Amino acid sequence: MTSASSSSEEARMRALVSVTSTVVWVLSAEGRVEEEQPGLQGFTGLSFEEVRGDGWTRALHPDDYARVLDEWAGFLRLQAPAEIHYRMRRHDGEYRHMRARAVPMFDEHCRLREWVGANEDMTAYEQGTDELRDREARLMQFADSLPHIAWELDPSGAAVWVNRRLQEYSGCETSSVLGWKWADLFHEDDRESYISGLRRAVEQGQAFRLEARVRRADGEYRWFQLANAPQSTKHGGIYRWFGTATDIDDSYQATEKIHRFLATLAHELRNPLAPISNGIQILRMPQSGEQAKESALATIERQTAHMVRLLDDLMDLNRVRSDRVVLRRAPTPLSTVINTALETSRPAIEKGQHPLRVNLPARALSLHADATRLTQVLSNVLNNAAKFSPDQTPIDVIVTEQPGFACVEVIDRGIGMLPEMLQRAFDMFAQADTSVERSYGGLGIGLNVARRLVEMHGGTIEAASDGPGRGSRITIRLPLSTSEAGDEPVSTEGEADLSSRRRVMVVDDNEDAARIVSMLVESLGHVVRAASTGADALNLAEHFRPEVAILDIGMPGMSGYELARRCRQTVWGRHARLVALTGWGQEADRQKSFEAGFDHHLVKPAGSAALRKILLEPVGEGGRTPRTP
C-alpha cells in the first residue's frame, strides 16, 4: 500500500472515530492516553488530566482492576488485536458491563504506532436493544474502514467474518474465503506454515504471528505480517479468534535489497584478498627471484588500492545507493584495466579450470577513466562468466578498436539466457530463476552496477545469448581518450636532501601502525620519533620540537582532535604542520579535523606519495600551513 493511500485510509478512520457514538479511543504504542479522548471522557465524566497516562483505569470496577491490567499487559507484549470484558463506572456513578476491542496500528516499517479501540456497553446488548444492534453495525463499519485486513475465526480456526479490505485486496467474495478457504490465498510455499501454525495455536490457546505471501487480485503475491489472538470467555474458554494482516512487502523488499547489497560489497572485498595473500607467500619464499618479488609487490599494491576504494564506498552506503559515486579519472591504458581485472578474477577462473584466451589489438588503447571502477566492472563480468560456465570450458576476452571507442567482449560457453532474461539482465539483483540461484549463488554484484559505472564513463554495456545452454556474450564499449596513454609521473623514492629534511612525530596507539608509518617516513629521509598516547606526545614534543606531527584520531584518553588543539597552544605547535591519519574519511570528518587545528586529513592507508608531498611542503612561518582541500 502506498503512503498516500494509507494516509487517506487513516483520515477516513479518524473521521469515523469523531462521529460515532461508540466509546472510541486511541492510545499510544505503550497503551497510555496522550491526547484528548472525547468519547472516553464523556462516558466516564473524567477530565483529560484525570484520564491522561494510565488515569483511565480509575474508572474500572475494583474487582476487575487487577485482571484487566494483567490482560492488557499481555496484549501490549503480543502487539495483537485485543478484546477484554470489564465493568466501567459511568459519569452518573453506575457501573456498566463493557466489551473493549483494540487493534494495533503499524507504520510502513512494521513498527507499532498506536492502538485504536472501541468500548461497547454490553449491559444494553444483553437486553437486546435495537440501539446496541445499531452500534454493532457501526463497529463493523469501523472495522471495514481499517487500512489492514481483519478477520474473525471460530474456536476451530475457521473464518466466520472478514472485513471489506480483504475483499478489495483479493478480489474474492466473502463466501469464497470463509472457513478454511482463506488459506487458499496464501502462496503455496507459505500455506502449510499458516495452517499448521494456526492449528497449533488453537490447540495451545496461544496467539501466534507469521510472515507470509498473500495473493492480490491481479495475481501478484505480497508479503504480510499476520497476527491471530484468542478471545476468551470469563470462564477461560476460547470463543473466537481475531486477526489482522499488515502489508509489509515494500519494507520487506527494501530490506532484502540492502542485505544483497551488503553481501555484494563483502564479495567484492574478498576478491582482492587472494592475490594479496599469494603475493605475501611469494615474498616469504627464499627461492623467489627478484622479478617474482617485484611482480608480487606490484600485485599487492594494486589490489590494496582496489580494496581501499571499495572501503571508501562502504563508508557511505547512501552515496552509492543514490547514484552519487564520483569517478576519479586519469589517463589509463586499457591493458592495465584488463590485466588487473584478470588478476582479481583469477581465483574464480582457476577454480573452474577455464582456459582463458585474451586477444588484444596491436595498438595500445588509452582511456580517460577511473581504473578501479572499470576493473570492478570487468572483473564482475569475468566472475559471472566463470560462475555460470561448466568447468574446463573456455572464456574469451576480445578487445577491438572501433571509431572513437574501445570494445571489450567477454564470451563464455555457460548456461546462457532466455530472451526475457536478456531484457532484465541489467536490473538490480536480476536472477534467471530459483534453480539457477541455488546452483550458482546468484549473480554477485549485479550487472546493474556495471551498467551504471560504464554509462558514467560515457560507454555502453550489452548482453547477448543464443539461448539456454549456449553461452553468453557481454559487450562493453568505452570512449577512447583523445590524448596518448601514459603512466602518471612518480617522484623518485629516496632520501630528502638536508634542506628539506624534517623532524616528524608519529602518534598512534596501534604500535604496528606507528612503527610502519615511522619506517615509511624514515625511508623518505626524515628524522622520526613516535609516541603511543597524547600525553606522551606532548612530553616528547617539548624537547623534540617536531616540524610535522602525524596524529591518529581515535586514541583512548586523549583523542587526536584534543591533541591537535593542545599542540596549537604550544610555541612549537603554532607553526608545525599537523596531519590527521585516520580511518574516517567522510567530508564531515575532514571538516572536524580542520576545526581542531589540522592542516591535512589523510585516510588510512596513506601511501608514500601522499606523505612525501606533505613533508616536502615548506612549513609556514608565523601561521598555519595551507590546508588540504
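In which helix is V454 found? Select V454 in this predicted model and you will be in helix α17, which spans residues 447–456. Before staying there, it helps to take in the whole protein.

**The whole chain**

With everything displayed, the protein shows 22 helices and 21 strands. Of its 629 residues, 48% are buried, and the protein exposes about 31600 Å², of which carbon and sulfur atoms supply 50%. If you turn on contacts and keep those with a sequence separation of 6 or more, residues 24 or more positions apart account for 61% of them.

**V454 and its surroundings**

Return now to V454 and colour by accessibility: its relative accessible area is 0%, and because buried means under 20%, V454 counts as buried. Setting aside the neighbours within four places in sequence, display the residues in contact with V454, which are V377, G459, T460, I461, I476, R477 and L478. Then add A369, which lies 85 residues away from V454 in sequence, while the C-alpha atoms of the two are 9.9 Å apart in space.

**Helices α14 and α17**

One of the contacts of V454, V377, also appears in the next selection, where helix α14 (residues 371–387) is shown together with α17. The axes of α14 and α17 come within 9 Å and cross at roughly 145 degrees, and the crossing of these two helices is left-handed. To see where they touch, select R373, Q376, V377, V381 and N384 on α14, and L447, V449, A450, L453 and V454 on α17. Coloured by class, this contact of α14 with α17 shows seven nonpolar, two polar and one charged residues.

**Helices α19 and α20**

Move along the chain to helix α19 (residues 534–544) and helix α20 (residues 560–568), whose axes come within 10 Å and cross at roughly 25 degrees. Since angles under 35 degrees count as roughly parallel, α19 is roughly parallel to α20. The crossing of α19 and α20 is right-handed. On the α19 side the contact is made by G534, A537 and L538, and on the α20 side by L563, R566 and C567; by class, four of these residues are nonpolar, one is polar and one is charged.

**Helices α20 and α21**

Keep α20 selected and add helix α21 (residues 587–596), for the axes of α20 and α21 come within 8 Å and cross at roughly 30 degrees. This angle makes α20 roughly parallel to α21. Here the residues to pick on α20 are Y561, A564 and R565, and those on α21 are D589, K592, S593 and A596. The contact of α20 with α21 divides into three nonpolar, one polar and three charged residues.

**V214 in a strand**

For the last stop, go to strand β7, residues 208–215, where V214 is found. Is V214 buried or exposed? With a relative accessible area of 1%, V214 is buried. Once its neighbours within four places in sequence are left aside, the residues in contact with V214 are Y169, L185, F186, E220, Y221, R222 and F224. To finish, draw a distance from V214 to F224, one of these contacts: the two are 10 residues apart in sequence, and their C-alpha atoms are 6.8 Å apart in space.

Notes: Residues are numbered from 1 along each chain as its sequence is written. This is a predicted model: local features need pLDDT of at least 70, side-chain atom pairs count only at pLDDT 80 or more; totals for chains, interfaces and linings use all residues. Side-chain values use heavy atoms; hydrogens and water are left out. Axes are lines fitted to C-alpha atoms, for helices over the stretch in contact, and angles run from 0 to 180 degrees between N-to-C directions. Helices (H or I, at least four residues) and strands (E, at least two) are DSSP runs, numbered from the N terminus. Angles under 35 degrees count as roughly parallel, over 145 as roughly antiparallel, 65 to 115 as roughly perpendicular and the rest as oblique. A crossing is left-handed if the near helix is turned anticlockwise from the far one by less than a right angle, and right-handed if clockwise. Contact means heavy atoms within 4.5 Å. Ala, Val, Leu, Ile, Met, Phe, Trp, Tyr, Cys and Pro count as nonpolar, Asp, Glu, Lys and Arg as charged, and the others, Gly among them, as polar. Buried means under 20% relative accessible area, exposed over 50%, partly exposed in between (1.4 Å probe, protein chains only). Accessible areas come from the Shrake-Rupley method with a 1.4 Å probe; for residues, only the protein chains shown count as cover.
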